[in-house]
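Q: I'd like a close look at one part of this model, starting from a single contact and working outward. Here is what we're looking at.

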Amino acid sequence: MKTKINHVIAATLMSAGVLLGGAVQAADFNLRAVANSNENDEDYDGLVVFKDFVESHSNGRIAVDIFMGSQLCSNGVECLESLEYGSLDVYISTTGGAASMYPYVQVLDLPYLLPDDRVAEKVLEGDFTRELRKQILDDSDGMVRLMTIGNTGGWRNFANTKRTITSPDDLDGLKIRTVVADLPQELVRSMGASPTPIPWGDLFTSFQTGVVEGSKNGITDIMAMKFTEAGLKYLTLDGHAYMSALWYMNNDTFMDMPEDLRRVMVDGFSALQQATFASPKRKSIQAYQDFSNTGGTLYVPTPEEKAQFKASAEPVYDWFKENVEGGEKWFNLLSASAQQAQQEIAVEYEKDLN
């Protein structure tokens, strides 16, 4: 009897909500958020945190629907165009996914400019990202707004099927898989290796057959794709590129919101950023253990060896400055931002170590 009464009360309250408060309960803004990955990815971790934050902190005035994979769009260009047209509200791309539309974002792929997580995170939380936002807004006629830059997969490192890499000379002659983009191919050439563009889905078989002998990947991707079973046994943690994830929003949708909800959105993307900073760190612990357990060999370069890698990569800096419009500006801005971050961290060390 008590259960029946509770059901009646609940139904009555729900009806009252529909009749009296329907307009309040319906979201004022329904956002479609897309990531061309899967639910095991850091992108999904970030979106879940974002969705929870903006829906709760807006008291339901903002609702977020998450679309993983290629349900609404299948690649960077298509998705960014959909964002411009307003058929999407939120989208995340890698630098490679956006490079054909905004070539200067490749500055984030320049090797060894960001030395570690602490520096990278401080840079991406600061004015460098705001300057990139201004440029993308200008180049999209005010339609695409860069909201934040997070991480998707940790750091790119050199992995291969042949030998332990302790210096750039050890890469000489190896066939290294790259994407079909100029900058990563220039990097591989600068190390004396042979860049070999291979689709991601074909990479496992390419390792098995020797079409390629190495790649530039993060450990979580290596283990998720089971590349060790295809012969990928040697991993050098040179950390040549921070795997940046650029999160955008349709600018009209953002600006249509009242200021209090725009504040919620900014805070929500900050929470998303922090989630994507943390997720690869946690996931990589098990991934490195699994790599070692399968017979993989990990090598951490000494500071002197890492300096050799950076020196070998310097031709890539010149290529970027000469071949990307505004390349020198973006190279200088990222370099200066990284230097400032390192100086600030050094001051923090002084305070924390004494």
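Which residue's side chain meets that of Glu-344 in a salt bridge?

A: The partner is Lys-122: its side chain and that of Glu-344 meet in a salt bridge at 3.7 Å, N to O. Some ground rules before going on. This is a predicted model, where local features need pLDDT of at least 70, side-chain atom pairs count only at pLDDT 80 or more, and totals for chains, interfaces and linings use all residues. Residues are numbered from 1 along each chain as its sequence is written, and side-chain values use heavy atoms, with hydrogens and water left out.

A salt bridge here is a side-chain nitrogen of Lys or Arg within 4 Å of a carboxyl oxygen of Asp or Glu. Back to the contact: the side chains of Glu-344 and Lys-122 meet at 3.7 Å. The pair links distant parts of the chain, with Glu-344 in helix H13 (residues 327-353) and Lys-122 in helix H5 (residues 117-124), 222 residues apart. Helices (H or I, at least four residues) and strands (E, at least two) are DSSP runs, numbered from the N terminus.

How covered are the two ends? Glu-344 is partly exposed at 32% relative accessibility, and Lys-122 is partly exposed too, with a relative accessible area of 24%. For the cut-offs, buried means under 20% relative accessible area, exposed over 50%, and partly exposed in between (1.4 Å probe, protein chains only). The contact also belongs to a wider group: Arg-118, Lys-122, Glu-344 and Glu-348 are linked in a network of salt bridges.

Zooming out, the structure holds 12 salt bridges. Another of them joins Arg-32 and Asp-89, whose closest N and O atoms are 3.0 Å apart. Arg-32 lies in strand S1 and Asp-89 in the loop between helix H3 (76-85) and S3, so this pair ties together parts that are 57 residues apart in sequence. Here the ends are covered to unlike degrees: Arg-32 is partly exposed at 31%, while Asp-89 counts as buried at 2%.

A more local case sits in helix H2, where Lys-51 and Glu-55 are four residues apart, about one turn of the helix. Their side chains meet in a salt bridge at 2.9 Å, N to O. Lys-51 is partly exposed at 27% relative accessibility, and so is Glu-55, with a relative accessible area of 24%.

The strand that carries Arg-32 deserves a look as well. S1 (residues 29-35) is mostly covered, with five of its seven residues buried. Seven bridges join S1 to strand S2 (residues 62-68), and the two run parallel; strands count as paired if DSSP finds at least two bridges between them. Phe-29 stands opposite Ile-62 in S2.

On the other side of the Arg-32 contact, the loop holding Asp-89 leads to S3. Strand S3 (residues 90-93) is joined to S8 by four bridges, running antiparallel, and Val-90 stands opposite Met-249 in S8. Strand S8 (residues 234-250) is mostly covered: 15 of its 17 residues are buried. S8 is also joined to S4 by 12 bridges in the antiparallel sense, with Arg-156 opposite Ala-241. Over three bridges, S8 pairs in the parallel sense with strand S9 (residues 297-299), where Leu-298 is the bridge partner of Leu-235.
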